[in-house]
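Trainee: Got a minute to go through this model with me? I'd like to take it feature by feature.

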Amino acid sequence: MKIPSLKIYAIAYLIFLYAPIFLLPLFAFNDGTIIAFPLKGFTTDWFAKMAENDTLRHALSNSLIIALTSSAGATILAVFAARASTRYRFKGKGGIMGLILLPMVLPDILMGMSLLLVMLEVLKVNLSIATVILGHVIISLPYAIAVLQTAFATLDQSLEEAAVDLGETRMSTFRLIVLPLVMPGIISAFLISFTISLDEFIVAFFLAGNQPTLPTYIFSQLRFPSAIPVIMALGTCLVAASILLLSVAEFFRRRGVKRTGAKDTGGFL
């Protein structure tokens, strides 16, 4: 009796978790302006209005710049951190890695307020896209490190030793042997960081100043009932893009696990 009960609980949990996501495209293609049943008819007008909105396009452009830049920065830093934590032993490694991974468990609102104080009172810089990029690097870095630690930990160190014995330097060994083997993990870390940055609201709300990002723009439009169907259309596009990015990240993660011959213990999907 326990197994069927557990299955029923799992199914009910998944329905509760994903039902709002399934409702997004349902109302995005609905002809009515009121988000309620019964539906009035099928239309794609909300997607056309979304494409014609200049403010939305500006917010999307800012979010893409922030996500691409912060993801690249977080991934590069994560490569060095994951390499150091899995390959070398040094004093205080546990404490240092714990501090680096701490933003993963800290509340975002605490991170946003702290970064705001640092930017305004310590660094004396104006809030802009650059400050959001810095904040998103800090937030995305722990997740990128978590992905890359697995990639580096499953790497056979005898391959590096063999390359050094054959005359390669440490730098050329890292560039020619290590990086190609962990490249699927690097791509996965970049895509995960990109998704986190694109969807992040709280830190962007504190650090963006007068520059709109996509999440802050969506939040500002929720006050206007007439704008809700356009937001539904935008949400549908974001969900599709997020699923696509996570699927690509999972593909490269599994490819990396298969290449290194390690046991697959689960992934993003």
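Mentor: Sure. Keep in mind that the model is predicted. Start at Ile21, which lies in helix H1, residues 2-28.

Trainee: Is Ile21 buried, partly exposed or exposed?

Mentor: Partly exposed. Its relative accessibility is 34%, and buried would mean under 20%.

Trainee: Which nonpolar surface patch does Ile21 belong to?

Mentor: One of about 860 Å². Leu6, Tyr9, Tyr13, Leu14, Leu17, Tyr18 and Phe22 make the patch together with Ile21.

Trainee: Changing topic to rings. How many aromatic pairs are there?

Mentor: The count comes to 6. Take Phe201 and Phe219 as one example. Their ring centres are 5.2 Å apart.

Trainee: Stacked, tilted or edge-to-face?

Mentor: Tilted, because the planes of Phe201 and Phe219 sit at 50°. Stacked needs under 30 degrees, and edge-to-face needs over 60.

Trainee: Where do Phe201 and Phe219 sit in the chain?

Mentor: Phe201 is in the loop between helix H8 (170-199) and helix H9 (202-207). Phe219 is in helix H10, residues 214-221. They are 18 residues apart, so the pair links distant parts of the chain.

Trainee: And how accessible are Phe201 and Phe219?

Mentor: Both are partly exposed. Phe201 has 26% relative accessibility. Phe219 has a relative accessible area of 48%.

Trainee: What about Phe205 and Phe219?

Mentor: That pair is edge-to-face, because the planes are at 80°. The ring centres are 6.4 Å apart. Phe205 lies in helix H9 and Phe219 in helix H10, so this pair ties together parts that are 14 residues apart in sequence. Phe205 is partly exposed too, at 49% relative accessibility.

Trainee: Which residues form the aromatic cluster with Phe219?

Mentor: Phe201, Phe205 and Phe206. With Phe219, they form one cluster.

Trainee: On to internal space. How many cavities of 30 Å³ or more does the structure hold?

Mentor: It holds 1. The largest cavity has a volume of about 40 Å³.

Trainee: How does one find empty space like that?

Mentor: Roll a probe the size of a water molecule over the atoms, and it shows where empty space is left.

Trainee: What lines the largest cavity?

Mentor: Ser63, Ile66, Val132, His136, Ser197, Leu198, Glu200, Ala204, Thr213 and Pro215.

Trainee: Which elements give two or more residues to that lining?

Mentor: Helix H3 (54-87), helix H6 (129-153) and H8.

Trainee: Last topic, charges. How many salt bridges turn up in the whole structure?

Mentor: The search finds 2. Asp54 forms a salt bridge with Arg57, with the closest N and O atoms 2.3 Å apart.

Trainee: How are Asp54 and Arg57 placed in helix H3?

Mentor: They are 3 residues apart, which means a separation of about one helical turn. Asp54 is exposed, with a relative accessible area of 52%. Arg57 is partly exposed at 42%. The cut-off for exposed is over 50%.

Trainee: Which side chains meet in a salt bridge at 4.0 Å, N to O?

Mentor: Those of Glu121 and Lys124.

Trainee: Are Glu121 and Lys124 buried or exposed?

Mentor: Both are exposed.

Definitions and conventions:
Residues numbered from 1 in each chain as written. Predicted model: local features only at pLDDT ≥ 70, side-chain atom pairs only at ≥ 80, totals over all residues. Heavy atoms only, no water. Patch = residues over 30% accessible without salt bridge, like charges linked within 9 Å, V, L, I, M, F, W, Y side chains within 5 Å. Areas by Shrake-Rupley, 256 points an atom, 1.4 Å probe, with all protein chains shown as cover. Helix = DSSP H or I, 4+ residues; strand = E, 2+ residues; numbered from the N terminus. Buried < 20%, exposed > 50% of the residue type's maximum accessible area, 1.4 Å probe, protein only. Phe/Tyr/Trp six-rings, centres within 6.5 Å; stacked < 30°, edge-to-face > 60°. 1 Å grid on protein atoms, 1.4 Å probe; cavity = no way out; pocket = protein on both sides within 12 Å on 5 of 7 lines; lining within 4 Å. Points joined across faces, edges and corners; volume = space filled by probe spheres on them.
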